[in-house]
Amino acid sequence: MSSPTGPASGLPVRMPRPRQPGRHRRPEPLAAPEGAPALVLAVPGTPSGAIRGLAEEVVSIARSELPGLDARIGYLDGDGAEYPTLQSVLARISEERTARYELAVAAGADVKQPDGPVAVVVPLLAGPDSALLRQVRQAVMESRVAADLTDVLGPHPLLAEALHVRLSEAGLARADRARLFTVATAADGIILASVGGEEAVQAAGITGMLLAARLAVPVMAAALDQEGSIASVAEQLRSSGSQQLALAPYLIGPEIDASLLAAAAEEAGCPASEALGPYPAIGKLALAKYTTALGIAPQPQGAPVR
């Protein structure tokens, strides 16, 4: 006995599932366009094994979200060998693209000469830092390579989510405000610590409002690189009724020495959570900056406030 799909084998024939019509249809998975520019993560700070591990994890998350993505890491203060500089990474990408074109021409392929940017440079920064961004722009110029430079990763709801998670991991906030349990050490006021001066404080304040909505406690931004800023904000929070403060670094990690965070927490007289680090949202936001620059995907949506 047979069926229109072929001879019967005694087992049920598995038919392909038809695509679901309408707005609830599952979107087709994205893939990096052929010949697309590389994503180059510009990593600030003095390179180390820990910083390289963090950057590699961020890049790995981006690759997992966009198959076929050519993602590289360039260090602003690299040594050119173990930690390649941003300039050298951009130059290498350009050389590789030219070599591929010349090889195709030599093989008789009818290929178009490559044009447009060879890379999209994404600074590994949660907020604006004019000194570090100037360093990134200078590195791109010195490479003599056509490359696009994106904005920093924040402010964004996903960064508020990441801050919430880091605070909960340190026992300074409840993991979910909707759950009926308490954390004895939960803070009733958060100092959001940024670097980059007043511009960075204002940008951090936007994410801080999103964090305040998640935690239902006051959140105020302060500058780690402005003397007295942390202590001043701590005093404002205490004078408004908060007694159990916590310091939340609005930083990914490489952009500042960890000892400065410890000193800031001591200055404010409160415990601190870890920097954002390679939280999955960081990789997703880096990729979103890249895809938005190319016009191939929308920005990621933030998690709902809980």
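**Pocket and cores**

Me: What makes a residue part of the lining of the largest pocket, and which residues lie nearest its centre?
Reply: In this predicted model, the largest pocket is lined by 21 residues, among which Glu 34, Gly 35, Ala 36, Arg 97 and Arg 100 lie nearest its centre. They count as lining because a lining residue has an atom within 4 Å of a pocket point. The volume of this pocket comes to about 490 Å³, and helix 2, spanning residues 86–106, gives the most to the lining, with 5 residues.

Me: How do you know which class each lining residue belongs to?
Reply: The lining holds 13 nonpolar, 2 polar and 6 charged residues. Since Glu and Arg count as charged, Ala as nonpolar and Gly as polar, Glu 34, Arg 97 and Arg 100 are therefore charged, Ala 36 is nonpolar and Gly 35 is polar.

Me: Why is the set that includes Leu 167 and Ile 190 called a nonpolar core?
Reply: The name applies because its members are buried residues of the listed nonpolar types, joined through side-chain atoms within 4.5 Å. The largest such core has 53 residues, of which Leu 167, Ile 190, Leu 192, Leu 211 and Ile 282 touch the most other members. Beyond its neighbours within four places in sequence, Leu 192 is in contact with residues including Leu 163, Leu 211, Val 219 and Tyr 250. A second, separate core of 20 residues includes Val 40, Leu 76, Ala 119 and Ala 147.

Me: What makes a residue buried, and what part of the chain is buried?
Reply: Buried means under 20% relative accessible area, and buried residues make up 45% of the 306 residues in the chain.

Note on methods
Residues are numbered from 1 along each chain as its sequence is written. This is a predicted model: local features need pLDDT of at least 70, side-chain atom pairs count only at pLDDT 80 or more; totals for chains, interfaces and linings use all residues. Side-chain values use heavy atoms; hydrogens and water are left out. Buried means under 20% relative accessible area, exposed over 50%, partly exposed in between (1.4 Å probe, protein chains only). Contact means heavy atoms within 4.5 Å. On a 1 Å grid over the protein atoms alone, a cavity is a set of points where a 1.4 Å probe fits but cannot get out, and a pocket is an open set with protein on both sides within 12 Å along at least five of seven lines; lining residues have an atom within 4 Å of a point. Grid points are joined across faces, edges and corners, and a volume is the space filled by probe spheres set on the points. Helices (H or I, at least four residues) and strands (E, at least two) are DSSP runs, numbered from the N terminus.
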